[in-house]
Amino acid sequence: MLCKMYLIDLYLPPNKLINFLYSLEFYFRGKILPDCFKPAKNKQSVFTRMAVMKALNKIKEEDFRKQFPCPPNSPKAVCTVLEIECAHGAVFVAGRYNKYSRNLPQTPWIIDGERKLESSVEELISDHLLTVFKAESFNFSSSGREDVDVRTLGNGRPFAIELVNPHRVHFTSQEIKELQQKINKSSNKIQVRDLQLVSREAIGHMKEGEEEKTKTYSALIWTNKVIQKKDIEFLNDIKDLKIDQKTPLRVLHRRPLALRTRVIHSMETHYVDEHHFRLYLKTQAGTYIKEFVHGDFGRTRPNIGSLMNVTADILELDVE
């Protein structure tokens with residue numbers, strides 16, 4: 001056992017065990033490896049450190065010494081370097097964005113290889129970063145997302161961009177400020193604020209507690225029946241209303257069917273006319289607002305339509 005542990009700890013660190021494992025597989029096929037190296041659903045490789053340790057624990061010391069001399073024999077062939085490739089570690093840029101267009105998706109809208117809209121929030125921001133940082137590619141992430149026809153107002157939605165293999169990584173605070181101004185001048189559809197360089201760990205903080213966050217929305221509602229101001233005032237008194245939402249039909253093609261309970265913390269109504277009113281909501285993050293209004297064929301209960309005993313629909317939605 002000491003010989004086996006010596007080989008792993010001193011000669012072969014975990015990320016260098018592959019050739020050794022293939023030798024193990026060749027010699028012990030059918031005896032040990034079927035129990036030790038089993039494919040797992042969420043693992044890219046069966047050759048994990050735990051699997052290696054399990055296999056080594058099952059090998060007899062004499063068999064191990066016979067097949068794998070310790071220390072290993074000196075290599076007989078000289079290694080030849082064919083190619084050397086250098087890459088810089090990723091750089092992370094974060095900030096908040098406002099979206100003022102009702103015809104702009106957060107990420108490129110491509111269906112069956114066909115682009116539906118010419119641009120996206122992601123591209124309007126990242127194109128400038130790719131150029132300035134001279135990066136090969138990027139990965140965009142954000143704290144939640146809005147529909148293509150929904151505006152994002154208020155302080156903006158937190159986002160982060162990972163720039164892969166950048167060729168320039170050092171920027172002054174003034175240069176970052178100028179980069180932010182450049183992005184904002186390039187389009188009237190979005191605005192960026194608080195742009196800054198952050199660590200990889202900071203990206204994780206952006207995602208923490210997403211379900212516990214509270215979101216504020218403004219919606220323009222239409223009703224099929226004629227309404228008066230008194231018909232909507234009762235909504236103002238409803239607090240912490242629990243609703244059950246099945247995955248909406250409009251996103252069911254890309255998200256699993258599930259039943260989620262969400263909370264409508266408060267509502268405030270502003271009467272517009274006989275068929276319209278504006279609804280301000282504070283809700284638990286992850287609430288499907290459009291479905292809360294029209295009910296999604298009964299998949300969200302209760303909903304504004306059922307509460308008012310009308311057919312209701314949403315004409316405009318803003319994340320405040």
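Helices here are DSSP runs of H or I with at least four residues, and strands are runs of E with at least two, numbered from the N terminus. With that in hand, a residue to click early on is Lys134: it follows helix 6 and has a positive phi, near 55°. Keep in mind that this is a predicted model.

**The whole chain**

Zoom out for a moment. You're looking at 320 residues, 40% of which count as buried. The secondary structure comes to eleven helices and twelve strands. Among contacts with a separation of 6 or more, 72% are between residues 24 or more positions apart. Turn on the surface and you have about 19,300 Å² accessible, with 51% of that belonging to carbon and sulfur atoms.

**Helix 6**

Now go back to the helix that precedes Lys134. Select 121-133 for helix 6. Its end C-alpha atoms sit 19 Å apart, and that agrees with the 18 Å that 13 residues should span at 1.5 Å a residue. Colour the buried residues next: Val121, Glu122, Glu123, Leu124, Ile125, Ser126, His128, Leu129 and Phe133. What do the buried residues of helix 6 pack against? Show strand 1 (91-99), strand 3 (114-115), strand 4 (137-142), strand 5 (151-164), helix 7 and strand 6, and you have the partners.

**Helix 7**

Hop across to helix 7, residues 173-186. Its 14 residues reach 20 Å from the first C-alpha to the last, close to the 20 Å expected. Pick out Ile176, Leu179, Gln180, Ile183 and Asn184, which are buried. Look down the axis of helix 7: the buried residues fall within an arc of 135°, so they line one face of the helix. In general, an α-helix has 3.6 residues a turn, so residues three or four places apart point the same way. The cover over that buried set includes helix 6 and strand 6 (190-198).

**Ile243**

Next, select Ile243 in strand 8. Is Ile243 buried or exposed? Buried, with a relative accessible area of 0%. Leaving out residues up to four places away in sequence, Ile243 touches Arg260, Thr261, Arg262, Ile264, Thr287, Phe292, Thr300, Arg301 and Pro302. Draw a distance from Ile243 to Arg260: they are 17 residues apart along the chain, with 8.3 Å between their C-alpha atoms.

**A patch on the surface**

Last stop: follow the chain into the loop between strand 8 (239-246) and strand 9 (259-273), where you'll find Leu249. Leu249 is partly exposed, at 42% relative accessible area. Add Leu252, Leu257 and Phe297 to the selection, and together with Leu249 they make a nonpolar surface patch of about 460 Å².

Conventions. Residues numbered from 1 in each chain as written. Predicted model: local features only at pLDDT ≥ 70, side-chain atom pairs only at ≥ 80, totals over all residues. Heavy atoms only, no water. Patch = residues over 30% accessible without salt bridge, like charges linked within 9 Å, V, L, I, M, F, W, Y side chains within 5 Å. Areas by Shrake-Rupley, 256 points an atom, 1.4 Å probe, with all protein chains shown as cover. Salt bridge = Lys/Arg side-chain N within 4 Å of Asp/Glu carboxyl O. Buried < 20%, exposed > 50% of the residue type's maximum accessible area, 1.4 Å probe, protein only. Expected span 1.5 Å × (residues − 1). Arc of directions from axis to C-beta. Contact = heavy atoms within 4.5 Å.
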